[in-house]
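Biologist: Could you take me on a close look at the inside of this protein, please? I would like to hear about its packing and its enclosed space.

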Amino acid sequence: MLSVLLLSPAISAQETGKDNFLRTTVSSYGQATVIIPYPGRDAAVELSKSVSISSADGRQLEIVLSQITVEWFILQGFDYTVVTGDSVKGVEMASGVKHALEWDSYPTYFQYDSIMRSYARLYPELCWLDTIGISNYGKLVLVLKISDNAADDEDEPELFYSSTMHGDETGGFILMLRLAAFLLENYSSDQRARNLVDNLEIWINPLANPDGTYKTGNTISSPTRFNANGYDLNRNFPDPVSDDPVKQVETIDMMNFMKGRNFVLSANFHGGEEVVNYPWDRWERRHPDEDWFYSISRKYADTAHVYSPAGYMTFMENGVTNGWDWYYVYGGRQDYVTYELQGREITIELDDIKLTPAANLDLLWNCNWRSLLGYLENALHGIHGKVIDSVTGEPVPAKILIPGHVADGSFVFSDTLTGSFTRFAAAGTWLLQLSADGYKTRDFEVEVTDGVAVDIVVEMEPLVNPVDTVETERLFIYPNPAGEFIKVILPVRQIGNINIVILSSLGQKLADYNETTNEGSPLYINVEDLPRGVCILSLTNRDTNVCDRAKFVVLRRK
């Protein structure tokens, strides 16, 4: 008993010392990485709701802690080891913009800003610079649009590459800058680059978390996974399973940016392993397009294998994994984009070293640039359709789904202004079902071949009264889904003084005002400030109290 009593204070002192070292590390560097023994699947899934797991292999979990999670972690009493090491080993900062463009060093923040602006200045027809938002420390989250008519919003598939949501995973940051340079500089001489730029709208965001990479300074000195407030931005997106209600400014800005576009295909880039990860991260069940996701992921990794040293990108299933099979992520961007926005996004881990040494940046490019181009080329394949009114030939905003294949947001919408849509699918024969407000539902069979584009035009027949062929007397809303506005064709009973109420699908009142309507003129309603999703429009004639209701969808903003 005396031995136990003497030993217990010593153990307690050791634990207190380790905990204090962990606190000091987080305080000094903004984060700390710890390793714990693998606690079992169920426990690991629960743990992922509270802390940022960065890797798992069935034997141990790697967890990165910030100032907002370290005390919670300590209270859990885990047996842990703090991973120590020089977080900026191998980082070489460029002496100037010219040096940075040799791609064997890291730019300062100001040099990065100058490089992005120079692309738009040197290639004004092909490149347009935009700002997604501003970080907590006032740094710009920049994005380039690269297309043959960059200033125009053309009827072409939109794609999105985004890197370094985790500020200390920097290899993708340089790869995205270099990819933009490759497409712009080789547009006139390289047929592959020209084909991509001519037929797609490619958006590239090299640095999604500038505060994590540069903090308040101009150089990379102590980068962190987290943003300035200690949040993992790749755990901060809306999640139907375990949602963090505290949304960071970088997350809100990124969500608004992506909602305003219609990205049919996207990828976000990280470091820490070498693997292509596809949805779902949050669910054990598979996405309805599992075969297609695996195919494009396999193509990326296999292409990298051909041009890389032996052993590169061989983690998990020889460089490819389903997210849930690896480890569990709630609030991740790839699942949000795929589930909520009807996009298709994967996560690409480029380097088993999070902060790629400057000396390895050229090798990382040579391993991946062909795969980067190949992933973009996926958007040239699949089903490319246009939905039109069979009578007028005007575009129809329709919902396109594959019956028996509709779980988890796997449907897509045609563009409200052009009627165009892109639907990816594995090789085979597929039955598309198209539906739109005011039109008869239409089935359309399509044969899909790998690596081939299928171009179709689907004519939708307007709904009419089968007895007297007069249009049904009801509210008719278009475009629907909508972006900036809707127009409402009114029945005679809603001509005059009316009250307009807009409700969310949960019954929350979003608008309530009076208006005067005129016969022969549609009612115009601005909806650009409404939340994305299903809304209910209620019109009440103030003289007769007659009420009409109809649903519409706020989908995208230009």
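Modeller: Happily; here is a walk through the nonpolar cores and then the cavity. This is a predicted model, so local features need pLDDT of at least 70, side-chain atom pairs count only at pLDDT 80 or more, and totals for chains, interfaces and linings use all residues. Residues are numbered from 1 along each chain as its sequence is written, and side-chain values use heavy atoms, with hydrogens and water left out.

The largest nonpolar core has 70 residues. Such a core is a set of buried Ala, Val, Leu, Ile, Met, Phe, Trp, Tyr and Cys residues joined through side-chain atoms within 4.5 Å, and buried means under 20% relative accessible area with a 1.4 Å probe, protein chains only. Helix H6 (residues 171-185; helices are DSSP runs of H or I, at least four residues, numbered from the N terminus) gives this core its largest share, 11 residues. Tyr 119, Tyr 161 and Leu 183 have the most contacts inside the core. Leaving aside residues up to four places away in sequence, Leu 183 touches Ile 146, Ala 193, Leu 196, Val 197, Ile 202, Ile 204 and Leu 373, a contact being heavy atoms within 4.5 Å. A second, separate core has 26 residues, among them Ala 32, Val 34, Val 275 and Trp 326.

Now for the enclosed space. There is one cavity of 30 Å³ or more, where a cavity is a set of points on a 1 Å grid over the protein atoms alone at which a 1.4 Å probe fits but cannot get out. The largest cavity holds about 50 Å³, a volume being the space filled by probe spheres set on the points, which are joined across faces, edges and corners. Its lining residues, those with an atom within 4 Å of a point, include Met 165, Phe 237 and Glu 250.

Conventions:
1 Å grid on protein atoms, 1.4 Å probe; cavity = no way out; pocket = protein on both sides within 12 Å on 5 of 7 lines; lining within 4 Å. Buried < 20%, exposed > 50% of the residue type's maximum accessible area, 1.4 Å probe, protein only. Helix = DSSP H or I, 4+ residues; strand = E, 2+ residues; numbered from the N terminus.
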